[in-house]
Amino acid sequence: MKENTTSCAYSIAWRGYCGKPATAPGRCADHAEVKCQCCGEPAAGECCQTFTQFVCGVPLCDKCEDNGRGQHRRKAEFDKPTWPDGPDGMPY
Ligand SMILES: [Zn+2]
Ligand SMILES: [Zn+2]
Ligand SMILES: [Zn+2]
C-alpha cells in the first residue's frame, strides 16, 4: 500500500490504518508523538501480535518485532538466543 501523507498511516492492530487527517507527514495529532515501546523511535503502529484473548497493541516502530510472548526487540537482534527473562528464563 502506498503511504498517503495527508492521512495518518499509523497502523492500528486489527483495524488497519488510523486514517485521521495528518498534521505531520503520515501522522495525525494523536499519533505524531507516539514512540516505540522497545527502542524509543517514532512508532509505526500497534503491535498486532495476538495472544489467547487479546492483542498486544503496544506502539512499535517498523524495526522492532514481538517474539510472540509480548516481548519486543529490534529485528536485527531478533536472532540472538538470550532474552532478559532472568536467571532461568521461561520453560519454553
Ligand atoms: Zn493517527
Ligand atoms: Zn522500535
Ligand atoms: Zn507485541
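**Briefing: cores, loops and strands**

The largest nonpolar core has 7 residues, namely C36, C38, A43, C47, L60, C61 and C64. Apart from this core lies another, of 5 residues, among them C8, A9, C18 and A22. In soluble globular proteins, nonpolar side chains tend to be buried together. Please keep in mind as you look around that this is a predicted model.

**Overall picture**

- The protein has 0 helices and 6 strands, so its pattern along the sequence reads β-β-β-β-β-β.
- Of the 92 residues, 20% count as buried.
- Among contacts in the protein with a separation of 6 or more, 24% are between residues 24 or more positions apart.

**Confidence**

- The average pLDDT of the protein is 85, and 78% of the residues score at least 70.
- Strand β4 (residues 59-60) has the highest confidence, at 98, while strand β6 (residues 72-74) has the lowest, at a mean of 93.

**C47, a member of the largest core**

- C47 belongs to the largest nonpolar core, along with residues including L60 and C61.
- Setting aside neighbours within four places in sequence, C47 is in contact with A13, C56, G57, V58, L60, D66 and H72.
- One of these partners, L60, is also a member of the largest core.

**The loop between β1 and β2: A13 and W14**

- A13 sits in the loop between β1 and β2, and W14 is placed in that loop too, with β1 covering 11-12 and β2 covering 16-17.
- Is A13 buried, partly exposed or exposed? A13 counts as partly exposed because it has 16 C-beta neighbours inside 10 Å, and a residue needs 20 or more to be buried.
- Beyond its neighbours within four places in sequence, A13 is in contact with E46, C47, C48, V55 and G57.
- A13 and C56 are 43 residues apart in sequence, and their C-alpha atoms are 8.3 Å apart in space.
- W14 counts as exposed because just 10 C-beta neighbours lie inside 10 Å, and the cut-off for exposed is 12 or fewer.
- W14 is not a glycine, yet its phi is positive, at about 70°. Most residues other than glycine have a negative phi.

**The loop between β3 and β4: C48**

- C48 is found in the loop between β3 (45-46) and β4.
- With 15 other C-beta atoms within 10 Å, C48 is partly exposed.
- Which residues does C48 touch, not counting those up to four places away in sequence? They are A13, W14 and V55, so C48 reaches two residues of the loop between β1 and β2, A13 and W14.
- C48 and E65 are 17 residues apart along the chain, and their C-alpha atoms are separated by 9.7 Å.

**The loop between β2 and β3: K35**

- K35 is found in the loop between β2 and β3.
- K35 is partly exposed, with 13 other C-beta atoms within 10 Å.
- Leaving out neighbours within four places in sequence, K35 is in contact with G40, E41, P42, A43 and P59. One of these, A43, is a member of the largest nonpolar core.
- From K35 to V58 there are 23 residues in sequence, and 9.7 Å in space from C-alpha to C-alpha.

How values were computed. Residues are numbered from 1 along each chain as its sequence is written. Chains are lettered from A and ligands numbered from 1 in the order in which they are written. This is a predicted model: local features need pLDDT of at least 70, side-chain atom pairs count only at pLDDT 80 or more; totals for chains, interfaces and linings use all residues. Helices (H or I, at least four residues) and strands (E, at least two) are DSSP runs, numbered from the N terminus. Two residues are in contact if their C-beta atoms, placed from the backbone, lie within 7 Å. pLDDT is the predictor's confidence in each residue, from 0 to 100. A nonpolar core is a set of buried Ala, Val, Leu, Ile, Met, Phe, Trp, Tyr and Cys residues joined through C-beta atoms within 7 Å.
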